[in-house]
Amino acid sequence: MTRIATEPFPLDVHHHAVGLVVIDMQRDFIEAGGFGASLGNDVSLLQAIVPTVARLIEGFRAAGLPVIHTRECHAPDLGDCPPAKRLRGSPTLRIGDEGPMGRVLIAGEPGAEIVPELAPAPGETVIDKPGKGAFYATPFGETLERLGLTQLVFAGVTTEVCVQTTMREANDRGYECLLATDATESYFPAFKAAAIEMIRAQGAIVGWTATTDDILKALS
Ligand code: TIU
């Protein structure tokens, strides 16, 4: 057991029970011409965290701890994409439309792939999810149980959308959740700051937060 310098108070991490969940570090959110950009967002902010996420992943791998990756994407026939999701707003490209990285947010297309710097290692689980949260309509919950995890460290994008949704879902299912504050990012700096504050407010109502350095110190 190791104590991490987390906020709002220290968290004891159990080495047999902790894993890393890397949310949606896909080209569609991080590179120009993808889903994130189609919604009108500046993707350069998200590109900046790739080296930090890579360091966190390497730390978990070096400690022999599980790394789980998620991807937000849909079946080619869009059977798992509610029209309410596809038709909302006025993006330049809708989910399923042909873009510079193939069909937007469709499994198997180049844009849906995880950025090459963070490519899953052989044997690591990759969860494709049609929603913002990783539990809905996926085997994520069964995977966590199979791996015997009770504590989850979170990284990825975007902080207040898919990361926070998944943390809240995990928190309700009894997992202790820790967000790596410099290994997550939003298109909206104010939303990232607010999400971090609301996660750890009220005595860690959704979970804890810590820097990547402090998390890695506890693993080494
Ligand atoms: N738009 C936005 O901020 N996020 C998403 O649509 N998906 C994820 O957060 N992965």
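Two strands count as paired when DSSP finds at least two bridges between them. With that in hand, let us walk through this predicted model, beginning at one end of its sheet. Strand β9, residues 176-185, and strand β10 run parallel and are joined by three bridges. To see one of these partnerships for yourself, find A180: its bridge partner in β10 is A210.

Now step back to the whole sheet. It is open, has six strands with parallel pairing, and follows the order β7-β4-β3-β8-β9-β10. The edges belong to β7 (125-129) and β10 (208-210); each has a single partner strand, so one side of each is left without a neighbour in the sheet. On average, and ignoring direction, neighbouring strands here are turned by 25° against each other.

On its other side, β9 meets β8, residues 151-157; these two strands run parallel and share six bridges. Here V157 is a good residue to pick out, as its bridge partner in β9 is E185. How enclosed is β9 by the rest of the structure? Nine of its 10 residues are buried, so the strand is largely enclosed. A helix also belongs in this part of the picture: α8, residues 189-204, lies across β9 and β10 and runs at about 125° to β10.

From the sheet we can move to the nonpolar core. The largest such core has 56 residues, and those touching the most other members are L20, V22, V53, L56, F154, A155 and A180. We have already met A180 as the bridge partner of A210. V53 is another useful viewpoint: apart from neighbours within four places in sequence, V53 is in contact with V22, M25, L118, A155, G156 and A183.

Next comes the ligand. Its surroundings consist of D24, F29, L39, E72, K132, V157, T158, V161, C162 and Y187. V157, the β8 residue bridged to E185, is thus a link between the sheet and this shell. By character, the shell divides into six nonpolar residues, one polar and three charged.

Our last stop is a loop. G33 sits between α1 (27-30) and α2 (35-38). Is G33 buried or partly exposed? A residue needs 20 or more C-beta neighbours within 10 Å to be buried, and G33 has 19 inside that distance, so G33 counts as partly exposed. Its contacts, leaving out residues up to four places away in sequence, are G99, P100 and M101. The pair G33 and P100 is separated by 67 residues in sequence, yet their C-alpha atoms are 5.7 Å apart in space.

Methods. Residues are numbered from 1 along each chain as its sequence is written. This is a predicted model: local features need pLDDT of at least 70, side-chain atom pairs count only at pLDDT 80 or more; totals for chains, interfaces and linings use all residues. Helices (H or I, at least four residues) and strands (E, at least two) are DSSP runs, numbered from the N terminus. Axes are lines fitted to C-alpha atoms, for helices over the stretch in contact, and angles run from 0 to 180 degrees between N-to-C directions. Two residues are in contact if their C-beta atoms, placed from the backbone, lie within 7 Å. A residue is near a molecule or strand if its C-beta atom, placed from the backbone, lies within 6 Å of it. Ala, Val, Leu, Ile, Met, Phe, Trp, Tyr, Cys and Pro count as nonpolar, Asp, Glu, Lys and Arg as charged, and the others, Gly among them, as polar. A nonpolar core is a set of buried Ala, Val, Leu, Ile, Met, Phe, Trp, Tyr and Cys residues joined through C-beta atoms within 7 Å. A residue is buried if 20 or more other C-beta atoms lie within 10 Å of its own, exposed if 12 or fewer, and partly exposed in between; C-beta atoms are placed from the backbone.
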